[in-house]
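Biologist: I should like a close look at a single part of this protein, the place where two of its helices meet. Please explain it in a form that a first-year student can follow.

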Amino acid sequence: MNINLAFILSFLMSFSASKHEYYLSVTDVDYIEDQNSIQIISRVFVDDFENVLKKRYQKPFVLIEGNEIEETEIYIERYINQKFSVEVDGEIKQLNYLGFKYKDDMVFLFIEINQIKPFSRITIKDEILIDLFKTQKNLIHFTAKNFKQSFILEKDLETKTLYINK
């Protein structure tokens, strides 16, 4: 990863969740060829994610371990499927939401895409939190074998296509 990008990321992620001026999510998208899968871990601030779920679904979400409403997993999966997508060689792939966990002031979202054969083109669309925060930045780290690239998606630039040599 670019040194400057790493510095910016660590600086932005160091802000407290209760009062941060920057809106950032970080998502790792890893193609694991020997498992024929794409594994995705997205990290968002708890308070921001709770607010977007409340606004979008008009439910009393509380993202505190043990205090979640019964339908929390259902709505998180629905939101992810509406706001995040992956297209491989022109074919939109089905996301398998695996669950979430809390760590400090972050929510980790776990997603997997199965039956992925080697490919030459991947398109990632990430609109998570963009509907709540106009200045939201979604940092994506993509890896596949020896190919690595990091990029930022944001309002009016929610999609990025990468070309990979097979």
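Modeller: A definition comes first: the axis of a helix is a line fitted to its C-alpha atoms, taken over the stretch in contact, and the angle between two axes runs from 0 to 180 degrees between the N-to-C directions. Two packed helices are described by the angle between their axes and the distance between the axes. The model shown here is a predicted one.

The setting may be given briefly. The protein contains 3 helices and 10 strands, and from the N terminus on these elements follow the order α-β-β-α-α-β-β-β-β-β-β-β-β. Of its 166 residues, 45% are buried.

The two helices in question are α2, residues 46–57, and α3, residues 72–83. Their axes come within 11 Å and cross at roughly 85°. Angles from 65 to 115 degrees count as roughly perpendicular, and α2 and α3 are therefore roughly perpendicular to each other. On the side of α2, the contact is formed by Phe49, Val52, Leu53, Arg56 and Tyr57. On the side of α3, the partners are Tyr75, Ile76, Arg78, Tyr79, Gln82 and Lys83. Sorted by class, this contact comprises 7 nonpolar, 1 polar and 3 charged residues.

Helix α2 also has a place in the interior. The largest nonpolar core holds 43 residues, and Phe49 is among those with the most contacts inside it, together with Ile38, Ile122 and Phe142. To this core α2 gives the most, with 5 residues. Ile122 illustrates how distant parts of the sequence are brought together: leaving out residues up to four places away in sequence, Ile122 touches Ile38, Val86, Glu87, Val88, Phe142, Lys160, Thr161, Leu162 and Ile164.

Helix α2 is also met by a residue from a loop. Leu132 lies between β7 (121–126) and β8 (137–144). Although Leu132 and Asn51 are 81 residues apart in sequence, their C-alpha atoms are 8.0 Å apart in space. Apart from neighbours within four places in sequence, Leu132 is in contact with Asp48, Asn51, Val52 and Lys55. Val52 thus appears in two settings, in the contact with α3 and beside Leu132. Buried means under 20% relative accessible area and exposed over 50%; Leu132 has 23% and is therefore partly exposed.

Such long-range pairs are part of a wider pattern: among the contacts in the protein with a separation of 6 or more, 60% join residues 24 or more positions apart.

How values were computed:
Residues numbered from 1 in each chain as written. Predicted model: local features only at pLDDT ≥ 70, side-chain atom pairs only at ≥ 80, totals over all residues. Heavy atoms only, no water. Helix = DSSP H or I, 4+ residues; strand = E, 2+ residues; numbered from the N terminus. Buried < 20%, exposed > 50% of the residue type's maximum accessible area, 1.4 Å probe, protein only. Contact = heavy atoms within 4.5 Å. Parallel < 35°, antiparallel > 145°, perpendicular 65-115°, else oblique. Nonpolar A, V, L, I, M, F, W, Y, C, P; charged D, E, K, R; others polar. Core = buried A, V, L, I, M, F, W, Y, C linked by side-chain atoms within 4.5 Å.
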